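Please open the model in your viewer and keep the sequence panel visible. The tour below proceeds by selection, and each stop states what is to be found there.

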Amino acid sequence: MAITYTQAIAEVIEKLEAGNPLPTLVPQKAWSTELTDALASASLGELFQGESVKNTTFGDAIRSGLLLWNDALDESHNISQGLTNQTGSYWHGIMHRREPDYSNAKYWFGRVGAHPIFPQVRERAVAILNETSNPSDALAHIAQTIAAEENWDAYQFIDWCQAAEDGADADVTRFLQQVQAEEIKLLLAYSYQNAV
C-alpha cells in the first residue's frame, strides 16, 4: 500500500533517498547536519502540515525515524527513548543496533516482540536475495537461514550486523544495508499510518 506523506515529510524522504539511500550499518556522523537541525527543531504541526495527528507517539516516531535514516543517532535516540509503544521500541532498537550497542539493541527488540511489519521485512529481504546474482558463500548461507525460517528474526539480523562490523564480505554488507533501508521505510510508513 502506497503512503501519501505530507509535502514536508515527503521532501525529507526524497532528500534521504537521493543522498543516503543505503545508510551505513554503523554511522560515524549525521549524513546532513542541516537536515538534522531542521528535523530536531520541527514541530509535529510543521511536519504534518495541518494533517490531524491522532497519535502523537507515532507522530514523534516519524521524526525519530527520519533522524535515524539521516544517521543522526543521538537526536533520534532523544526522541525514541520517550516513545512508550512497540514501534517506539523498534526505532530505539534500530538506533542501538547502529550505535553499535548490540546487547542493548536486543533488549529493545525484546520489547518489540513480533512487530506487524516483520512479515514485510522478511519478504523484502527474500526479494533482495532473489535479485542478487552470484552471491558469496556467506550471503548464500544467510539466504538459506532466512528461507528456513517462517518469521523475521530481528535478533539474527542484529547478529549479522555485528558480524559485518568485524569484517563481512561486500555482498553481505550491501545486503544488510539494503534490508536496513527497507526496514526504515516500512517502519516510517507504519508510523505514519498510525499517526494520522
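Which residues have the most contacts inside the largest nonpolar core? In this predicted model, select Ile9, Leu66, Tyr90, Trp152 and Phe175, which hold that position in a core of 60 residues. Next, colour helix α11, residues 170-195, which gives the most to this core, namely twelve residues. As a general matter, nonpolar side chains in soluble globular proteins tend to be buried together.

**Tryptophan 152**

Remain in the core and centre the view on tryptophan 152. Beyond its neighbours within four places in sequence, tryptophan 152 is in contact with Phe118, Val121, Arg122, Ala125, Ile146, Phe157 and Val179.

**Glutamate 183**

Return to helix α11 and select glutamate 183, which lies in that helix. Is glutamate 183 buried or exposed? Its relative accessibility is 1%, so glutamate 183 counts as buried. Display the surrounding side chains: apart from neighbours within four places in sequence, glutamate 183 is in contact with Tyr90, Ile94, Arg97, Phe109, Ile117, Val121 and Phe157. A distance label from glutamate 183 to alanine 125, C-alpha to C-alpha, should read 9.3 Å, although 58 residues separate the two in sequence.

**Helix α7**

Phe109, one of the contacts of glutamate 183, leads to the next helix. Select Tyr102, Ala105, Trp108, Phe109 and Val112, the buried residues of α7. On which side of α7 do they lie? They lie on the same side, because the arc that they cover around the axis is only 120°. In general, an α-helix has 3.6 residues a turn, so residues three or four places apart point the same way. Show α6, α8, α10 (154-165) and α11 as well, since the buried residues of α7 pack against these helices. Then step to glycine 113, which follows α7 and has a positive phi, near 70°.

**A cis peptide bond**

Move to the loop between α6 (86-98) and α7 (102-112), where proline 100 is placed. The peptide bond joining glutamate 99 to proline 100 is cis, with omega at about -5°.

**Two residues with positive phi**

Most residues other than glycine have a negative phi, and most peptide bonds are trans. Two further loop positions may be inspected with this in mind.

- Aspartate 71 lies in the loop between α4 (56-69) and α5 (73-80). Its phi is positive, near 65°, and aspartate 71 is buried, with a relative accessible area of 8%.
- Asparagine 134 belongs to the loop between α8 (118-130) and α9 (137-148). Its phi is also positive, near 50°, whereas its relative accessibility of 71% makes asparagine 134 exposed.

**Helix α5**

From aspartate 71, continue into α5 and select Leu73, Ser76, His77, Ile79 and Ser80, which are buried. These residues cover an arc of only 160° around the axis, and therefore they are on the same side of α5. The cover over the buried residues of α5 includes α4 and α6. Now rotate the view: the face turned away from the buried side of α5 carries Asp74 and Asn78, which are exposed.

**Lysine 29**

With aspartate 74 still selected, add lysine 29, found in the loop between α1 (7-19) and α2. At 66% relative accessibility, lysine 29 counts as exposed. The C-alpha atoms of lysine 29 and aspartate 74 are 9.8 Å apart, while the two residues are 45 residues apart in sequence.

**Helices α2 and α4**

Show helix α2, residues 33-41, together with α4. How do these two helices run relative to each other? Their axes come within 10 Å and cross at roughly 170°, which means that α2 is roughly antiparallel to α4. Select Thr36, Leu39 and Ala40 of α2 and Arg63, Leu66 and Leu67 of α4, the residues that make the contact. By class, four of the contact residues are nonpolar, one is polar and one is charged.

**Aspartate 159**

For the last stop, select aspartate 159 in helix α10. Aspartate 159 counts as partly exposed, at 31% relative accessibility. A label drawn to alanine 170, eleven residues away along the chain, gives a C-alpha separation of 17 Å.

How values were computed:
Residues numbered from 1 in each chain as written. Predicted model: local features only at pLDDT ≥ 70, side-chain atom pairs only at ≥ 80, totals over all residues. Heavy atoms only, no water. Core = buried A, V, L, I, M, F, W, Y, C linked by side-chain atoms within 4.5 Å. Buried < 20%, exposed > 50% of the residue type's maximum accessible area, 1.4 Å probe, protein only. Helix = DSSP H or I, 4+ residues; strand = E, 2+ residues; numbered from the N terminus. Contact = heavy atoms within 4.5 Å. Arc of directions from axis to C-beta. Axes fitted to C-alpha atoms, helices over the stretch in contact; angles between N-to-C directions. Parallel < 35°, antiparallel > 145°, perpendicular 65-115°, else oblique. Nonpolar A, V, L, I, M, F, W, Y, C, P; charged D, E, K, R; others polar.
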